[in-house]
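User: Please take a close look at one strand of this model, working outwards from the strand itself to its pairing partners and then to its ring contacts. I would like the cut-offs stated wherever a term depends on them.

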Amino acid sequence: QVELVESGGGLVQPGGSLRLSCTTSGFALDYYAIAWFRQAPAKEREEVSCINNSDGRVTYADSVKGRFAISYDSAQNRVYLQMERLKPEDTAVYYCAVDPKRECAPPYDLWGYGTQVTVSS
């Protein structure tokens, strides 16, 4: 069974940093678009960032521009989300998802189980 697996979440103080990782053993992520989403309690799911490995384009939500950076390591088959200057409002479960259409647009066909990020003092 093909799965996406996220890791790297945790508890961090405001202003701190975390790096999330998304990987799969089922296929190479080289030619797909991979997005990070987040969902906080009682809030809508939000697309945070996406990287289109077929053409290298990246996108970010306005709420994270300048603080988050998405990247892909082909040797590790991992997509990373480096998060800097974290704020309490970044607290959420973060998910990665694959868009086989390579558009960074819904629908996303494969989702991970999520990793919790909590920003609190």
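Analyst: What follows begins with one strand, moves to its partners, and ends with the aromatic contacts.

The model is predicted, so local features require pLDDT of at least 70 and side-chain atom pairs count only at pLDDT 80 or more, while totals for chains, interfaces and linings use all residues. Residues are numbered from 1 along each chain as its sequence is written, and side-chain values use heavy atoms, with hydrogens and water left out.

The part chosen is strand 4, which covers residues 33–39; strands here are DSSP runs of E with at least two residues, numbered from the N terminus. Six of its seven residues are buried, so strand 4 is largely enclosed by the rest of the structure, where buried means under 20% relative accessible area, exposed means over 50%, and partly exposed lies in between, for a 1.4 Å probe and protein chains only.

Two strands count as paired if DSSP finds at least two bridges between them, and strand 4 has such a relation with strand 5 and with strand 9. With strand 5, residues 46–52, the pairing is antiparallel over six bridges; alanine 33 stands opposite asparagine 52, and isoleucine 34 stands opposite isoleucine 51. The two strands form a hairpin with six residues between them, and in the turn alanine 42 has a positive phi of about 65°. With strand 9, strand 4 again runs antiparallel, this time joined by seven bridges, one of which sets alanine 35 against alanine 97.

Strand 5 carries the pairing onwards. Five of its seven residues are buried, which leaves strand 5 mostly covered, and three bridges join strand 5 to strand 6, residues 58–60, in the antiparallel sense. Isoleucine 51, already named as the partner of isoleucine 34, also stands opposite valine 58 in strand 6. Strands 5 and 6 form a hairpin with five residues between them, where glycine 56 in the turn has a positive phi of about 85°.

The side chains of strand 4 lead next to the aromatic rings. A pair of aromatic rings is described by the distance of the centres and the angle of the planes. Rings of Phe, Tyr and Trp (its six-membered ring) pair if their centres lie within 6.5 Å, and planes under 30 degrees apart count as stacked, over 60 as edge-to-face and the rest as tilted. By this rule there are four aromatic pairs. One of them joins phenylalanine 27 and tyrosine 32, whose ring centres are 5.3 Å apart and whose planes meet at 70°, so the pair is edge-to-face; phenylalanine 27 is partly exposed at 22% relative accessibility, and tyrosine 32 is partly exposed at 26%.

Another edge-to-face pair involves strand 4 directly: phenylalanine 37 and tyrosine 108 lie 5.0 Å centre to centre, with 85° between the planes. This contact links distant parts of the chain, since phenylalanine 37 is in strand 4 and tyrosine 108 is in the loop between strand 9 (92–99) and strand 10 (110–111), 71 residues apart. Phenylalanine 37 is buried at 8% relative accessibility, and tyrosine 108 is buried with a relative accessible area of 8%. Ring pairs also bring in Trp111, giving a cluster of Phe37, Tyr108 and Trp111. Finally, arginine 45 lies over the face of phenylalanine 37, at 5.5 Å from the ring centre, where a charge sits over a ring if NZ of Lys or CZ of Arg is within 6 Å of the ring centre and within 35 degrees of the ring normal.

Key:
Helix = DSSP H or I, 4+ residues; strand = E, 2+ residues; numbered from the N terminus.
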